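Subject: Handover of a structure for your review

Dear colleague,

Please find below the structure that I am handing over to you. My notes on what was found in it follow.

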Amino acid sequence: MSFPQVIAAFHALFDVIGLPGNFLVIVTIVLESRFHVMRYILLASLALSDSLLLVLVNSLRIKSIAQEKWLYGQTMCYLNPFFVRYFYINTVLHLVAVSYDRYLAIVKSPLTYDGTITKTRIVLSGLIWIIPIPLSIGPFLGWRKYVYNPVVSFCEQEWAVQSDSTAGHFIVLSTAMLIAPFVVIVFLNGSVYKAARRQINAIEVQVGGPQQQEIASRRLRDRKAAVDVTIIIATFLLCYLPLWITGICRQFVPGIDFPAEAVLATMCIFFLSAVCNPIIYSIRKREFRKAVKKMLRKVGVCQDSNENDIF
């Protein structure tokens, strides 16, 4: 089996795991009324984004990479990298939104914020899907075109063109789509951790009682939710950074014929991010696991049991 075929097998595995996993996340959050708060709505929206990335980009690359030629026509070849950039930005905006939701709940309005779904918040959530369009459409207007690369068997950004203008364009995009959003994310989550620690310490020194224990329990849940968000963010960043570093090398290191294996491998790692979130939820969120099991029981997939739901 050749290296491209091995990479294609991983892409196929991502579809097999990621599509049902993300679908399960969406259906569970939609059907369970206790998950109808902004934090979980944003996670469902993120799962939809990951699903579309797998369908519109990953699925088309499986057979093409395995056969080492693009099989779906010129239009789809150009749209493929467009969707890569679109869903990358879409995911980053989701991570910013989830971080801000935790910031509101723990730092800014800990006593009043309940995550209720409002029209304003729905509109802001809709912007997460709209903003990536103008940031991704540039190559169709002549700004760093999407071109077919026969070495890797799919279309991608025109990395081979190296000049002051393209370098400046890359720096602007990197700042707008990677550095700035993650600076915001680090600030929000850093503030959340500090506030959660202070709140828990303050509760611990007070006299215990039913009300105090309830507040403490809520603060611990908020802190755990903040840790979950951090794990999701860190996982995405680890999956994306190899691809970003590869892009920097291809753009700024002249005279280097970057190996196709490295491009294929780093792109494959990037698609892994669309699979990880359902796995994280199943490991970290007991209430999510119980909700999934309850839903599977309703459709007859999972046997009912008198035992406590602790899986």
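In which loop is the place of Ser153? Ser153 sits in the loop that runs between β1 (146-149) and β2. Please bear in mind throughout that this is a predicted model.

Ser153 deserves a second remark. Its phi is positive, at about 70 degrees, although Ser153 is not a glycine. Most residues other than glycine have a negative phi. With a relative accessibility of 3%, Ser153 counts as buried, because buried means under 20%.

Glu68 is another residue other than glycine with a positive phi, here near 60 degrees. Glu68 belongs to the loop between α2 and α3. Its relative accessible area is 47%, so Glu68 is partly exposed.

Overall architecture

The protein contains nine helices and two strands. Along the sequence, the elements follow the pattern α-α-α-α-α-β-β-α-α-α-α. The protein has 311 residues, and 46% of them count as buried. If one takes the contacts between residues at least 6 apart in sequence, 77% of these join residues at least 24 apart. The accessible surface amounts to about 15800 Å², and carbon and sulfur atoms account for 67% of that area.

The nonpolar core

The largest nonpolar core has 72 residues, and those that touch the most other members are Tyr88, Phe182, Phe236, Phe270 and Phe271. Two or more residues of this core come from each of α1 (3-31), α2 (38-67), α3, β2 (154-157), α6 (164-204), α7 (210-252), α8 and α9. The element that gives the most is α3, with 16 residues.

Phe271 can be followed further. Beyond the residues up to four places away in sequence, Phe271 touches His11, Phe14, Leu53, Val57, Asn58, Arg61 and Val84.

Phe236, also among the core members with the most such neighbours, appears again in the surroundings of Thr91. Thr91 is located in helix α3 (residues 73-108), and its relative accessibility of 7% means that Thr91 counts as buried. Apart from neighbours within four places in sequence, Thr91 is in contact with Leu46, Ser49, Asp50 and Phe236. The C-alpha atom of Thr91 is separated by 9.4 Å from that of Ala47, although the two residues are 44 apart along the chain.

The pair α8 and α9

Helix α8 (residues 260-284) and helix α9 (residues 286-298) have axes that come within 5 Å and cross at roughly 100 degrees. The two helices are therefore roughly perpendicular to each other, since angles of 65 to 115 degrees count as such. On the α8 side, the contact is made by Tyr281, Ser282, Ile283 and Arg284, and on the α9 side by Arg286, Phe288 and Arg289. By type, the residues of this contact are three nonpolar, one polar and three charged.

Residues that meet distant parts of the chain

Tyr148 lies in strand β1 and is partly exposed, with a relative accessible area of 36%. Leaving out neighbours within four places in sequence, the residues in contact with Tyr148 are Lys69, Trp70, Cys77, Ser153, Phe154 and Cys155. Ser153, the loop residue discussed at the start, is thus one of the contacts of Tyr148. The C-alpha atoms of Tyr148 and Tyr78 are 7.8 Å apart, while 70 residues separate the pair along the chain.

Gln67 is placed in helix α2, and its relative accessibility of 42% makes Gln67 partly exposed. Gln67 and Gln5 are 62 residues apart along the chain, and their C-alpha atoms are separated by 7.7 Å.

Arg197 is to be found in helix α6. With a relative accessible area of 31%, Arg197 is partly exposed. Between Arg197 and Leu220 there are 9.5 Å in space, C-alpha to C-alpha, and the two are 23 residues apart in sequence.

Kind regards

Key: Residues numbered from 1 in each chain as written. Predicted model: local features only at pLDDT ≥ 70, side-chain atom pairs only at ≥ 80, totals over all residues. Heavy atoms only, no water. Helix = DSSP H or I, 4+ residues; strand = E, 2+ residues; numbered from the N terminus. Buried < 20%, exposed > 50% of the residue type's maximum accessible area, 1.4 Å probe, protein only. Contact = heavy atoms within 4.5 Å. Areas by Shrake-Rupley, 256 points an atom, 1.4 Å probe, with all protein chains shown as cover. Axes fitted to C-alpha atoms, helices over the stretch in contact; angles between N-to-C directions. Parallel < 35°, antiparallel > 145°, perpendicular 65-115°, else oblique. Nonpolar A, V, L, I, M, F, W, Y, C, P; charged D, E, K, R; others polar. Core = buried A, V, L, I, M, F, W, Y, C linked by side-chain atoms within 4.5 Å.
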